[in-house]
Amino acid sequence: MPKILVVDDELRIREIIREYAEFNGFQVVQAEDGMEAVEKVRNENFDLIVMDIMMPKLDGYSACKEIKKIKEIPVIMLSARGEEYDKLFGFEIGVDDYVVKPFSPKELMARIRAVINRVNASKKAEEIVTYQTLVINFTAREVTIDGEKIAMTPKEYDLLFYMVKNMNIALSREKLLEEVWGFDFYGDDRTVDTHIKMLRNSLRQYRNLIVTLRGMGYKFEKIQ
């Protein structure tokens, strides 16, 4: 049973989320401010945190930063503010999703499941992926072909590892920019195309594992 921490200074909001979450099979622990949330994270393990931004004692952004220093737990942020800047700042500090109040409890449950499933899938990803003579070692941050170590730029490694960990998933250029370069990057789609070309050249005979999705982006074909 996944265990989630619900952090909001409004009891009514916490109770609504608790009711829906328990109905959907989640175990729920509550906290009424950021400081209490940090303390609970020190003493308990959680699969996900749903946290409001505007709270007394310690706001959601500050609490998220402190929590990330302790444990790597996915966070869905709740806020009455929907400005793009707020969302971008949240993603920059490690927020996994962002839900604007007032929200649909059913939609929130769907987002919770999606984030937990994505995190679990990432944890299950093999540390070493092989395909014929191509070996991708995530831990060593190394790629070899026919036993030869392939020299790539840091961003090529980042791009390859992200695509391999999301094998067979269609990834838009915007998504790749967001996940690999980050929200503070001011380039455009051509940056992705250029690095894909470089990466394909580095992969040599395995270049076709990276498939172009016309008008959309790319995907790394699932390795059997």
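These exercises use a predicted model.

**Exercise 1. The end of helix α7**

Task: State which residue follows α7 and what is notable about the sign of its phi. Then find which residues of α7 are buried and where they lie around the axis.

Solution:
- Step 1. Helix α7 is followed by G182, and the phi of G182 is positive, near 95°.
- Step 2. Within α7, which spans residues 173-181, the buried residues are R173, L176, L177, V180 and W181. Because they cover an arc of only 100° around the axis, they are on the same side of α7.
- Step 3. The buried residues of α7 pack against α6 (154-165), β10 (171-172), α8 (189-203) and β12 (217-220).

**Exercise 2. The open sheet**

Task: Give the order of the strands in the 5-stranded open sheet and name its edge strands. Then describe how β1 is joined to β2.

Solution:
- Step 1. The order is β2-β1-β3-β4-β5, with parallel pairing.
- Step 2. β2 (27-31) and β5 (97-100) each pair on one side only, so they are the edge strands.
- Step 3. From one strand to the next, the twist averages 20°.
- Step 4. Strand β1 (residues 3-7) runs parallel to β2 and is joined to it by 5 bridges. In this pair, K3 stands opposite Q27 of β2.
- Step 5. In general, the strands of a sheet pair through backbone hydrogen bonds, in either a parallel or an antiparallel way.

**Exercise 3. Two helices and the sheet**

Task: Decide how α2 and α3 are oriented relative to each other, and list the residues in their contact. Then place each helix on the sheet.

Solution:
- Step 1. Helix α2 (residues 34-43) packs against helix α3 (residues 60-70) at an angle of about 10°, and their axes are 9 Å apart.
- Step 2. Angles under 35 degrees count as roughly parallel, so α2 is roughly parallel to α3.
- Step 3. From α2, the contact uses G34, V38, V41 and R42; from α3, it uses A63, E66, I67 and I70.
- Step 4. Sorted by class, this contact has 5 nonpolar, 1 polar and 2 charged residues.
- Step 5. Helix α2 packs on the sheet and touches β1, β2 and β3 (48-52), and its direction makes about 135° with that of β2.
- Step 6. Helix α3 lies across β3, β4 (75-79) and β5, and runs at about 155° to β3.

**Exercise 4. One residue in a strand**

Task: Is T144 buried or exposed, and which residues does it touch?

Solution:
- Step 1. T144 lies in strand β8, residues 142-145.
- Step 2. The relative accessibility of T144 is 14%. Buried means under 20%, so T144 counts as buried.
- Step 3. Leaving out residues up to four places away in sequence, T144 touches T133, L134, V135, K149 and I150.

Definitions and conventions. Residues numbered from 1 in each chain as written. Predicted model: local features only at pLDDT ≥ 70, side-chain atom pairs only at ≥ 80, totals over all residues. Heavy atoms only, no water. Helix = DSSP H or I, 4+ residues; strand = E, 2+ residues; numbered from the N terminus. Buried < 20%, exposed > 50% of the residue type's maximum accessible area, 1.4 Å probe, protein only. Contact = heavy atoms within 4.5 Å. Arc of directions from axis to C-beta. Axes fitted to C-alpha atoms, helices over the stretch in contact; angles between N-to-C directions. Parallel < 35°, antiparallel > 145°, perpendicular 65-115°, else oblique. Nonpolar A, V, L, I, M, F, W, Y, C, P; charged D, E, K, R; others polar. Pairing = 2+ DSSP bridges.
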